[in-house]
Amino acid sequence: MLDVRFSSALTTLLLLAAAAEEGPPVMSSAQLAERLGTNPSLVRKLLSSLAKAGLVESVMGRAGGAKLARPPQDIPLAEVYLCAVGDKPLWTCRPEAEHECLVSTHAAGYFERLTERAEQAVLRTLGGQTLADALREIRCSGHSQPHSQPEPLK
């Protein structure tokens, strides 16, 4: 099953970043849920995790909801990723089989090392991008020709 925690967290923060620029900067869980195509209780759970990580803050009152806790340029995507996935590995190794040959004896160790290298590459890529960069790229792709290529990630 595909894990959508990172894409959900990132999309939520992108929605809040756009709202912060376009106003009003606060969005309710119902508004976010509608844009994400999910239910408000799931969004509230996601917002709770994002708030604990210092990425969003709650605004109380009639016009309350959530808003970014920091400017988008101060939120690296690596931080969003780590908040969303926690300590869950990128991939999970198959259960070890009996050690009957070279492959079955060493495949799990190799896979762990491969996973670690892949996770470090993901974090390096995401660490070089901010929420502001992501929103800018989305806006550029929205104004580009249908067949044009988006700007490559840094």
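The following questions and answers go through local features of a predicted model.

Trainee: Which peptide bond is cis?

Mentor: Most peptide bonds are trans. The exception to look at here has an omega near -10 degrees. Its proline, Pro 24, is in the loop between helix 1 (5–22) and helix 2 (29–36). The cis bond is the one from Gly 23 to Pro 24.

Trainee: Which residues of helix 2 are buried, and do they lie on the same side or on opposite sides?

Mentor: Buried here means under 20% relative accessible area. In helix 2, that holds for Ser 29, Leu 32 and Ala 33. Their arc around the axis is only 100 degrees, so they lie on the same side of helix 2.

Trainee: What do the buried residues of helix 2 pack against?

Mentor: Glu 34 and Arg 35 can be set aside, as they are exposed on the other side of helix 2. The buried residues, among them Leu 32, have two packing partners: helix 1 and helix 3 (40–52).

Trainee: What phi does Gly 37 take, just after helix 2?

Mentor: Most residues other than glycine have a negative phi. Gly 37 follows helix 2 directly, and its phi is positive. The value is about 70 degrees.

Trainee: Which residue takes a positive phi in the hairpin of strand 1 and strand 2?

Mentor: The two strands run antiparallel and are joined by four bridges. Five residues lie between the strands. In this hairpin a positive phi near 110 degrees belongs to Gly 61.

Trainee: Which residue of strand 2 stands opposite Glu 57, and how far apart are the closest N and O atoms of their salt bridge?

Mentor: Glu 57 stands opposite Lys 67. Glu 57 lies in strand 1 (residues 56–59) and Lys 67 in strand 2 (residues 65–68), so their salt bridge ties together parts that are 10 residues apart in sequence. For a salt bridge the nitrogen must be within 4 Å of the carboxyl oxygen. The closest N and O atoms of Lys 67 and Glu 57 are 3.5 Å apart.

Trainee: Are Lys 67 and Glu 57 buried or exposed?

Mentor: Buried means under 20% and exposed over 50%, with partly exposed in between. Lys 67 has 29% relative accessibility, and Glu 57 has a relative accessible area of 34%. Neither term of the question fits, because both values fall in between: Lys 67 and Glu 57 are partly exposed.

Trainee: What is the N to O distance in the salt bridge of Arg 70 and Glu 79?

Mentor: Side chains of opposite charge can pair when their charged atoms come close. Arg 70 is partly exposed at 25% relative accessibility, and Glu 79 is partly exposed at 26%. Their side chains meet with an N to O distance of 2.8 Å.

Trainee: Which residue is buried in the salt bridge of Arg 136 and Asp 133?

Mentor: The two side chains meet at 2.6 Å, N to O. Both residues lie in helix 6 (residues 131–143), three residues apart, and are separated by about one helical turn. Arg 136 is partly exposed, with a relative accessible area of 48%. At 13%, the buried residue is Asp 133.

Trainee: How many salt bridges does the structure hold?

Mentor: The pairs already discussed include Lys 67 with Glu 57 and Arg 70 with Glu 79. There is also a network of salt bridges that links Glu 21, Glu 22 and Arg 139. The number of salt bridges in the structure is five.

Terms used
Residues are numbered from 1 along each chain as its sequence is written. This is a predicted model: local features need pLDDT of at least 70, side-chain atom pairs count only at pLDDT 80 or more; totals for chains, interfaces and linings use all residues. Side-chain values use heavy atoms; hydrogens and water are left out. Buried means under 20% relative accessible area, exposed over 50%, partly exposed in between (1.4 Å probe, protein chains only). The arc is that of the directions from the helix axis to the C-beta atoms. Contact means heavy atoms within 4.5 Å. Two strands pair if DSSP finds at least two bridges between them.
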